[in-house]
Amino acid sequence: MSSDLDLVHTFREVWAELSGIGRAPDGGYLRFAWSPAEVALRDWFHAQAASRDMPVTHDGNGNLFATWSPAAGASGAVSGRGDGNGPGGVLTGSHFDSVPHGGAFDGPLGIVSAFLAVDLLRARGFRPARPITVAAFAEEEGSRFGVACLGSRLLTGAIDPARAAELTDRDGLALGDVLGAAPAGARPDLVAGFDAYVELHVEQGRALAAPVGVASAIWPHGRWRFDVEGEGNHAGTTLMSDRRDPMLTYAFTVLAANKEARLRDAHATVGRVEVTPNATNAIPSAVRGWLDARAADEATLAALVEAVAKKATERAGRDGTGIRFTAESTTGEVRFDEGLAARLAGLLGGVPILPTGAGHDAGVLSAHLPTAMLFVRNPTGVSHAPAETAADADCAAGVEALARVLEELSSTPLVDHDEGVAK
Ligand code: GLV
Ligand code: MN
Ligand code: MN
């Protein structure tokens, strides 16, 4: 890869290897964790790693790690600290899984870019002083088992593996059954082997005008399931005054979420609903919805969810229904290491530093490691939908930027282990 044009061409070629996997007729992707499509992407990961002599290991939680180790013969080690002494590795990567009918870039771009960044560094004759490991994290979207960033939460001990094993998908299959065993849970031995994590990701709104940017923060966010119970009955014979219709409570809750979010410059979405029995000519007996809420700070998020729940409960009283909110997945505010973000933005020529409302494994890992994110421009601002895209030239710029960041971080001291502080 001797020129920018070569890099664009190489990116396009490698990207094309993935584009048919899990693609639905609408152009969106169905790549749920451990589905055949996602397993095919994992197979691709193994093949890519093998072709680069990067041994692959997994953590018992569904997360994969492929390592370029500087020490000859250090095959199989995920970390340079296999003997307890060497420098910790630099971890990079992202996830393969998608939301239902999601875009091609959310997740896989970070993994493809990581392998291509390794190629770029090798082509330039770079030899890292510390290992560089490419990760594929499992179930980042939480689209199958309901908990976002499930793989990185398990790895870092942010979720109890016994609880995780019992999470079920839409077909009632439990995670433990899908994995064939309970997940391993926290692996501090693995996490301690890394001194930094850098995740490259497509930007998911219209906030980035330059080809590449660096993340400053992730809004706190979460998912609350709400179950509304009413009385199923005949659509033609039940007087309007006699009804206990959960659909009304549900509809009011959606509108209340929209209003309360707007009042606080926050975001609220109800994008998933299940209706029982889902018949045109029957008043439903139950409606289940999922509220996704996000705000700039935790107090605002808490106030938003509380206001929606209060209004919905009052409305349920008037409708003669019952409503219950259950938190399924919550994530606190993430502020990425400011010094590291500024250093990387400077290294990349003064690129923008920006926050995001989208969740990432980087947010989970940032509680354990100096962590940074690189964003690649999204020309449409669309994400979690088939129209999500990024220009080949911007993706190539992302690979180049990631290579520079990995070169920097794998050459220099990152953490003062006496003080545990990122330099
Ligand atoms: C993940 O992409 C999320 O923000 O929900
Ligand atoms: Mn996503
Ligand atoms: Mn993502």
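This is a chat about two manganese ions and one helix pair in a predicted model.

Trainee: Start with the metals. Which protein donors does the manganese ion (ligand 3) have?

Mentor: The donors are H95 through NE2, D106 through OD and H201 through NE2, and they lie 2.0 to 2.2 Å from the ion.

Trainee: How are those donor residues spaced in sequence?

Mentor: The spacing for the manganese ion (ligand 3) reads H-x10-D-x94-H. H95 belongs to strand 3 (residues 89–95) and H201 to strand 5 (residues 194–202), so the pair ties together parts that are 106 residues apart in sequence.

Trainee: Are H95 and H201 buried or exposed?

Mentor: H95 is buried, and H201 is buried too.

Trainee: Now the manganese ion (ligand 2). What are its protein donors?

Mentor: D106 contributes OD, E141 is listed twice through OE, and H384 contributes NE2. Those donors of ligand 2 lie 2.0 to 2.6 Å from the ion.

Trainee: And what spacing do they follow along the chain?

Mentor: For the manganese ion (ligand 2) the pattern is D-x34-E-x242-H. E141 and H384 link distant parts of the chain, 243 residues apart. E141 is in the loop between strand 4 (132–137) and helix 4 (150–156), while H384 is in the loop between strand 15 (371–376) and helix 12 (392–409).

Trainee: D106 came up for both ions. How far apart are the manganese ion (ligand 2) and the manganese ion (ligand 3)?

Mentor: They are 3.6 Å apart, and D106 bridges them.

Trainee: What about burial for E141 and for H384?

Mentor: E141 has a relative accessible area of 6%, and because buried means under 20%, E141 counts as buried. H384 is at 37%, which makes H384 partly exposed.

Trainee: Change of topic. How do the axes of helix 8 and helix 9 cross?

Mentor: Helix 8 (residues 246–263) and helix 9 (residues 298–319) have axes that come within 9 Å and cross at roughly 150 degrees. That makes helix 8 roughly antiparallel to helix 9.

Trainee: Is the crossing left-handed or right-handed?

Mentor: Helix 8 passes helix 9 in a right-handed crossing.

Trainee: Which residues meet there?

Mentor: From helix 8 they are L248, T249, F252, T253, A256, A257, K259, E260 and A261. They meet L304, A307, V308, K311, A312, R315, A316, R318 and D319 of helix 9.

Trainee: How many of the residues in that contact of helix 8 with helix 9 are nonpolar, polar and charged?

Mentor: The contact has 10 nonpolar residues, two polar and six charged.

Terms used: Residues are numbered from 1 along each chain as its sequence is written. Chains are lettered from A and ligands numbered from 1 in the order in which they are written. This is a predicted model: local features need pLDDT of at least 70, side-chain atom pairs count only at pLDDT 80 or more; totals for chains, interfaces and linings use all residues. Side-chain values use heavy atoms; hydrogens and water are left out. Axes are lines fitted to C-alpha atoms, for helices over the stretch in contact, and angles run from 0 to 180 degrees between N-to-C directions. Helices (H or I, at least four residues) and strands (E, at least two) are DSSP runs, numbered from the N terminus. Angles under 35 degrees count as roughly parallel, over 145 as roughly antiparallel, 65 to 115 as roughly perpendicular and the rest as oblique. A crossing is left-handed if the near helix is turned anticlockwise from the far one by less than a right angle, and right-handed if clockwise. Contact means heavy atoms within 4.5 Å. Ala, Val, Leu, Ile, Met, Phe, Trp, Tyr, Cys and Pro count as nonpolar, Asp, Glu, Lys and Arg as charged, and the others, Gly among them, as polar. Donors are N, O and S atoms within 2.8 Å of the metal (3.2 Å for Na, K and Ca); water is not among the atoms, so sites may look incomplete. Buried means under 20% relative accessible area, exposed over 50%, partly exposed in between (1.4 Å probe, protein chains only).
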